[in-house]
Every structure is written in structure tokens, then in C-alpha cells.
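Visitor: I'd like to learn how to read this model one feature at a time. Please start wherever you like.

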Amino acid sequence: MTAAIVAEDVARTYGDTVALDGVSLTVEEGEVLALVGPNGAGKTTLVRALTGTTDAEGRVELFGQSPQSVARSRVGLLPQSFDPPDRLTARELLDYYGGLYDESRDIQTVLADVGLQDSASTAYENLSGGQQRRVCVGSALVNDPDLLVLDEPTTGIDPAGRRALWRLLERLADGGTTVLLTTHYMAEAERLADRVGLLDDGELTALDSPRALVEAHGGETRLTVDVEDAIPEPLDIGFETLRRDGQLVVRDVPPTAIGDVVDGLTEAGVGVASLSWREPDLEDVYLDLTGRAVGFSGDAVDPEELDAAGPVSTDGGNR
Ligand SMILES: Nc1ncnc2c1ncn2[C@@H]1O[C@H](COP(=O)(O)OP(=O)(O)OP(=O)(O)O)[C@@H](O)[C@H]1O
């Protein structure tokens, strides 16, 4: 089977800025690949290089052909910035984009796919930001593409709309559509992607399944404890601990040892108000590989900013 995307040593500079520093990857037909990475990492530039919408060095093939010669109808592209004529209604816009192809999908179905049946007659300029983004996503679907390339498809869309879009993308992937998307939402990458590629400073620093990435880079389990009392310094409870945002984070605690942590804290005179335990996830991978945490908006933030209420300090402890 011919791969949907083959990229070899793709490089792009803007003046002195190296946006892409020799990226190679292959996306098989039917695969969902998510690209994540901090602002300015090169995600949009890679999407543009792969779809032939910017010049780049290196080799790119879509279904065995150059991006310029592959049949237009086989590829659906949602650029990061997309400003359609804003006096047209959602239906008129999708009709218009559908009309650019010899064959297009039924527009009513596309409107339903992106959850805009009730707003089909509203002018683009009067739709909310999230609804506008849905129209843009719809415009990438009108030609029933074999390869869907989506640059931050769910940015600005509310959580319910985001989940609806995830279900749509899962349905399309189940039907054999290849999907390449960029996202700042790790939950989105973890849920949708067969493989996740992490771009940092123009380089693909990791590319693997979410599970393999978490195993390799996610680190240990975490127990987060809300405490009722001041934490003594030093605190020796037999586990490595961090203070973060007024909470105590205890790493590498198997569920069976949570009681030991509580006992240790009680002995140290620290009351436990509540606690939560979790396994590492893609956000931990991101933190490990980029040195930056993922903020509420999905954007990367310096961990120090998250811990503004109290610097992260590592207490000793025997492990
Ligand atoms: N048209 C351009 N002219 C000059 N520099 C550019 C241009 N497009 C991108 N860059 C630069 O290339 C680098 C990569 O940008 P790119 O937009 O690909 O990153 P990104 O990972 O998509 O970022 P974001 O998450 O903020 O969308 C950045 O340093 C950016 O400033």
C-alpha cells in the first residue's frame, strides 16, 4: 500500500529563523497522526510544507505524488488561519467550497457533521468563534477527502463541540480517512491519534503511539495531596515529594502504598484534606521532552508559572 504521506528531510527557513530542521516521517493510509509542540515549534510550517502550500527543501509525497500533482479532491486542508467571505451564510460557504470540486458531499450532511444544522442560514460574521471554526472544518470535508489535514481544528470550540468533532474524526478514521492534525490539547492527541509526533524547535523529537511515549517519557505515577497543616522542612516520609501550588506531590507511589504516604504524613504532623492519584499521561511526556507544561488553554507554559504560588522544591526522601 502506498503511504498517504512521506516526508524526507523537510526543511524551511524564514530569514535567520529555522522553522523546520530536516523532518522525516511517514503516515500510512488510514492512520491518525497528531503533531504537538510549543508555539513556534514548526507545526504549521510542516503542515504547509506537506500540503504544498509553502516551499520547503526535502521530499514530500502524498499518495506517491508530489503535493502539487496529487488530485485536489483527495486532500482536505484546514489551515490555521482561514478567513472566508464573512457575509455568506454557513450553507452558502460550504456550497461555495463544494463547488470548487467536480464532486462534493451533500452540504446538509456536512452541516450536520460539524453540528451547524441550526445555524446554516446565519452569516459567517454573526456566528460565534467556535461556530466559525466548525464552518472551516466543514470546508475541509466537502470533497470527501482521503487525507484530511487539520491545523488546530478545535481551537476556540467549546468542550461539547470539541468532543463532537472528535467523534466525527474517529468515524472518518474508522472509514479509512487518513488524518494529520496539529493540536495544543494533549487529551485530543491521546484520544484520536494512532501516533503522536512532538515538534520542538523545528525538529521531530519523538514520534510514537501515545502509550509508547507515556511509557518512555511519562515518568512515575503521581499522588497529589491537599494538606491541612504547614509542611515541615525537611519532610522525610520515605517517598520523593515535591511542593507545588500549596499541594504536596508524591511520585512513584503504587496504589497499594497510598496508605503508607498518609501514615508518613500523619506521623510528621501533616493532616490530609484530600488526595488524588494518577498515572502519567501525554502532558507529562510533553513536560519531559519540552521542559514546558501544558496550560489550561492547551498552550505550553513554563512550569514555574503554574507554580507561582510556591516554587517547586524537591524534598529528600529514600526511594
Ligand atoms: N511567514 C513567516 N515569516 C517569518 N517567519 C515565520 C513565518 N511562518 C512561520 N515563521 C516562523 O517559523 C517558526 C515556526 O512557526 P510555526 O507557525 O510553524 O509554528 P507552530 O508550531 O505552528 O506554532 P503555533 O503553535 O504558535 O501555531 C516560528 O519561529 C515562526 O515565527
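Guide: Let's start with one pair of residues: the bridge partner of L150 in β7 is L181. Before we go on, this is a predicted model, where local features need pLDDT of at least 70, side-chain atom pairs count only at pLDDT 80 or more, and totals for chains, interfaces and linings use all residues. Residues are numbered from 1 along each chain as its sequence is written.

Visitor: In which sense do strands β6 and β7 pair?

Guide: Strands of a sheet pair through backbone hydrogen bonds, either parallel or antiparallel. Here, β6 (residues 147–151) and β7 (residues 178–182) are parallel, with five bridges between them. Further along, D151 sits opposite T182 in β7. Strands are DSSP runs of E with at least two residues, helices are runs of H or I with at least four, and both are numbered from the N terminus. Two strands pair if DSSP finds at least two bridges between them.

Visitor: And which residue of β3 stands opposite T182?

Guide: That's L35. β3 and β7 run parallel too, joined by four bridges.

Visitor: What is the strand order of the open sheet of six strands?

Guide: Read across, the order is β5-β6-β7-β3-β8-β9, and the pairing is mixed. β5 (75–78) and β9 are the edge strands, each pairing on one side only. Neighbouring strands of this sheet are turned by 15° against each other on average, direction ignored. For angles, axes are lines fitted to C-alpha atoms, for helices over the stretch in contact, and the values run from 0 to 180 degrees between N-to-C directions.

Visitor: How many of the residues of β7 are buried?

Guide: Five of its five residues are. One side carries T178, L180 and T182, the other V179 and L181, so to speak two covered faces. A residue is buried if 20 or more other C-beta atoms lie within 10 Å of its own, exposed if 12 or fewer, and partly exposed in between, with C-beta atoms placed from the backbone.

Visitor: Which strands does α1 lie across here?

Guide: α1 lies across β3 (32–36), β6, β7 and β8, at about 150° to β6. α9 also packs on the sheet, touching β3, β8 and β9, and its direction makes about 30° with that of β8. Contact is a distance rule: C-beta atoms, placed from the backbone, within 7 Å.

Visitor: Which residues of helix α9 are buried?

Guide: An α-helix has 3.6 residues a turn, so residues three or four places apart point the same way. In α9 (residues 282–290), the buried ones are L282, D284, V285, Y286, L287 and T290. Just after α9, G291 takes a positive phi of about 75°.

Visitor: What order do the strands take in the sheet of three?

Guide: β2-β1-β4, an open sheet with antiparallel pairing. Its edge strands, β2 and β4 (57–62), each pair on one side only. The twist averages 20° from one strand to the next. α1 packs on this sheet, touching β1, β2 and β4, with its direction at about 125° to that of β1. β1 (residues 5–14) shares eight bridges with β2, and V6 stands opposite T26 in β2.

Visitor: Which residues surround the ligand?

Guide: A residue joins the shell if its C-beta atom, placed from the backbone, lies within 6 Å of the ligand. The shell is Y14, T17, A19, G37, N39, G40, A41, G42, K43, T44, T45 and Q80. β2 (17–27) and α1 (43–50) each supply at least two residues, and α1 gives the most, with three. By type, the shell has three nonpolar, eight polar and one charged. Ala, Val, Leu, Ile, Met, Phe, Trp, Tyr, Cys and Pro count as nonpolar, Asp, Glu, Lys and Arg as charged, and the others, Gly among them, as polar.

Visitor: Into which domains is the protein chain divided?

Guide: Domain bounds come from an automatic or database domain assignment. That gives domain 1 (5–208) and domain 2 (218–315), with centres, taken over C-alpha atoms, separated by 36 Å. The contact takes 13 residues from domain 1 and eleven residues from domain 2. On the domain 1 side, α6 (186–192), β8 (195–200) and β9 (203–208) each give two or more residues.

Visitor: How many residues of strand β13 are buried?

Guide: Zero of its seven residues (272–278), so to speak a strand hardly covered. β13 pairs with β10 (residues 222–227) in the antiparallel sense over six bridges, with V225 opposite L275.

Key. Two residues are in contact if their C-beta atoms, placed from the backbone, lie within 7 Å.
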